Amino acid sequence: MPAPHTDRRPDVLQWASEHRWEHDEATFDDGQIIRDEFRKEGMVVRAVWLHTPYSDAMWARGLLERPMRAPMTIPRVARSTSRASLEAVLSGTLGM
């Protein structure tokens with residue numbers, strides 16, 4: 001498993017592309033904040049990345065919105081426990 005300060009955004013963009021998610025991004029605060037938005041079948045996944053002097057892409061927070069269900073926080077990028085991850089959501093392996 002990569003260190004927490006490793007840039008995992010390229011992995012996330014690849015997972016989204018492999019599983020046919022539509023992608024939109026926005027940059028704020030002179031590139032210090034990147035917001036990725038992925039859409040597929042009525043679901044929306046928002047991921048926020050923070051750039052600091054110590055890291056190119058540090059995971060900050062993710063949110064999954066589904067029709068007729070409460071939003072769900074995504075606390076991690078890659079699968080390592082039973083908790084939700086961007087990898088599980090984007091690859092379709094999260095039990096929803």
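Which residues in H1 are buried? In this predicted model, the buried residues of that helix are Arg-9, Val-12, Trp-15 and Ala-16. Looking down the axis of H1, you will find its buried residues within an arc of 120°, so they line one face of the helix. A general point about helices helps here: an α-helix has 3.6 residues a turn, so residues three or four places apart point the same way. The buried residues of H1 pack against strand S1 (22–28), S2, S3 and H2. Just past the end of H1, have a look at Arg-20, which takes a positive phi of about 60°.

From Val-12 we can step into the nonpolar interior. The largest nonpolar core holds 21 residues, and Val-12, Trp-21, Val-45, Trp-49, Leu-86 and Leu-90 are those with the most contacts inside it. Helix H1 (9–18), strands S2 (33–40), S3 (43–52) and S4 (55–65), and H2 each give two or more residues to this core. As a general trend, nonpolar side chains in soluble globular proteins tend to be buried together. Leu-86 is a good residue to click on: leaving aside residues up to four places away in sequence, Leu-86 touches Val-12, Val-45, Ala-47, Trp-49, Trp-59, Ile-74, Arg-76 and Val-77.

Next, follow the strands. S2 and S3 run antiparallel and are joined by eight bridges. Together they form a hairpin with two residues between them, and Glu-41 in the turn has a positive phi of about 50°. To see the pairing at one position, find Arg-35, which stands opposite Val-48 in S3.

Further along the chain, Arg-66 sits in the loop between S4 and strand S5 (72–74). Is Arg-66 buried or exposed? Its relative accessible area is 13%, which is under the 20% limit, so Arg-66 counts as buried. Arg-66 and Met-43 are 23 residues apart along the chain, yet their C-alpha atoms are separated by 4.7 Å.

Let us finish in helix H2 (residues 86–91), where Ser-91 is found. Ser-91 has 18% relative accessibility and therefore counts as buried. What does its side chain meet there? A polar atom of the Ser-91 side chain lies 2.6 Å from the backbone oxygen of Glu-87, and the side chain of Ser-91 also makes a polar contact with the side chain of Thr-93, at 3.3 Å. Not counting residues up to four places away in sequence, Ser-91 touches His-19 and Arg-79.

Definitions and conventions:
Residues are numbered from 1 along each chain as its sequence is written. This is a predicted model: local features need pLDDT of at least 70, side-chain atom pairs count only at pLDDT 80 or more; totals for chains, interfaces and linings use all residues. Side-chain values use heavy atoms; hydrogens and water are left out. Helices (H or I, at least four residues) and strands (E, at least two) are DSSP runs, numbered from the N terminus. Buried means under 20% relative accessible area, exposed over 50%, partly exposed in between (1.4 Å probe, protein chains only). A polar contact is a pair of N or O atoms within 3.5 Å; within protein, one must be able to donate a hydrogen and the other to accept it, and residues adjacent in sequence count only if both atoms are side-chain atoms. Contact means heavy atoms within 4.5 Å. A nonpolar core is a set of buried Ala, Val, Leu, Ile, Met, Phe, Trp, Tyr and Cys residues joined through side-chain atoms within 4.5 Å. Two strands pair if DSSP finds at least two bridges between them. The arc is that of the directions from the helix axis to the C-beta atoms.
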